[in-house]
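Grab a pencil and let's work through a few short exercises together. Try each task yourself before you read its solution.

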Amino acid sequence: MGWRDWIRDVEIEPSLYAADFLRLGEQIETLLGAGARLFHVDVGDGRFIPPVTIGPVVVQAVAPVVHRAGGRLDCHLMVVAPDSHFEQIKQAGGDSVTFHLEVCPDPEAAVAAARACGLGVGIAINPDTPIDVAAAAAGGVDLVLCMSVHPGYSGQAFVPGSLERVRGLRELLGAGQLIQVDGGVTADNVRAVREAGADLIVAGSAIFSHGDVAGTYGGLARAVA
Ligand code: DX5
Ligand code: ZN
């Protein structure tokens, strides 16, 4: 079982970073009920990105509920030395790790380390990293994450030029490789993101900053169906 089995053509992934943490379990159950199956977990260390965000203890708390419903936890590692966290994330119940090429001198070794832990694996690039850098390192990975904001916070505006980068990546990557887009996705641009070539579309504030998380998830999912 791997990423290809986890997705239904295209997936909207709620980013838990933007959730109401006082009601995290309830919001995840609501989203599962609305059809969400992939949840994006933004792990930040205060070094690669300024804030410390969430990590393995949150993964551990939510994993049983997500897995019982057939869902998966997709961990976006915005950290330096990402490979030092793989084992802990796997133990906590994470299903996949995506690490940033900007802080990984040996991506091939990191991919092998993630696979050895039994994790799915992705590579990520910031908006100012050339897409060829990702294409050159994409050999053995499941997905390439094209950031459409500078990583750090939910609720930022979609960086102009990101759609062109996704189109470019779609041309450079093999047909079997998934493209993930993360940051600044809204009801207004989600369809364009899909049409540019994204298979996995992360949405944080677009889902969680409104009272009706099921309704906003459903609206985004329908827009790309
Ligand atoms: C940004 C994170 C994103 C973020 C997305 O650093 O990697 O996953 O939570 O949030 P929105 O959709 O609000 O931009
Ligand atoms: Zn993210």
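Here come three exercises on this predicted model, each with a worked solution.

**Exercise 1.** Work out where N126 sits and whether N126 is buried or exposed.

*Solution.* Step one: find the stretch. N126 belongs to the loop that links β5 (120-125) to α6 (131-137). Step two: check the accessibility. The relative accessible area of N126 is 11%, and buried means under 20%, so N126 is buried. Step three: look for contacts beyond four places in sequence. There, N126 touches F48, H100, E102, M147, P151 and R165.

**Exercise 2.** Do the same for S162: which element holds S162, and is S162 buried or exposed?

*Solution.* Step one: S162 lies in helix α7 (residues 162-172). Step two: its relative accessibility is 2%, so S162 counts as buried. Step three: with neighbours within four places in sequence set aside, S162 contacts M147 and S148. Step four: compare sequence with space. S162 and A196 are 34 residues apart in the chain, and their C-alpha atoms are 9.4 Å apart.

**Exercise 3.** Describe the surroundings of ligand 1.

*Solution.* Step one: place the ligand. Ligand 1 sits in the largest pocket. The elements giving two or more residues to its shell are β2 (38-44), β3 (72-78) and β8 (200-203). Step two: count the neighbours. Ligand 1 has 19 residues around it, with G152, S154, D182, G204 and S205 the closest. Step three: pick out polar atoms. D42 puts a polar side-chain atom 2.8 Å from an oxygen atom of ligand 1. G155 has a backbone N or O atom 2.8 Å from a ligand 1 oxygen. Step four: check the cover. On its own, ligand 1 has 380 Å² of accessible area, and the protein covers 100% of it.

Conventions: Residues are numbered from 1 along each chain as its sequence is written. Chains are lettered from A and ligands numbered from 1 in the order in which they are written. This is a predicted model: local features need pLDDT of at least 70, side-chain atom pairs count only at pLDDT 80 or more; totals for chains, interfaces and linings use all residues. Side-chain values use heavy atoms; hydrogens and water are left out. Helices (H or I, at least four residues) and strands (E, at least two) are DSSP runs, numbered from the N terminus. Buried means under 20% relative accessible area, exposed over 50%, partly exposed in between (1.4 Å probe, protein chains only). Contact means heavy atoms within 4.5 Å. A residue is near a molecule or strand if one of its heavy atoms lies within 4 Å of it. A polar contact is a pair of N or O atoms within 3.5 Å; within protein, one must be able to donate a hydrogen and the other to accept it, and residues adjacent in sequence count only if both atoms are side-chain atoms. Accessible areas come from the Shrake-Rupley method with a 1.4 Å probe; for residues, only the protein chains shown count as cover. On a 1 Å grid over the protein atoms alone, a cavity is a set of points where a 1.4 Å probe fits but cannot get out, and a pocket is an open set with protein on both sides within 12 Å along at least five of seven lines; lining residues have an atom within 4 Å of a point. A molecule sits in a cavity or pocket if more than half of its atoms lie within 2 Å of its grid points.
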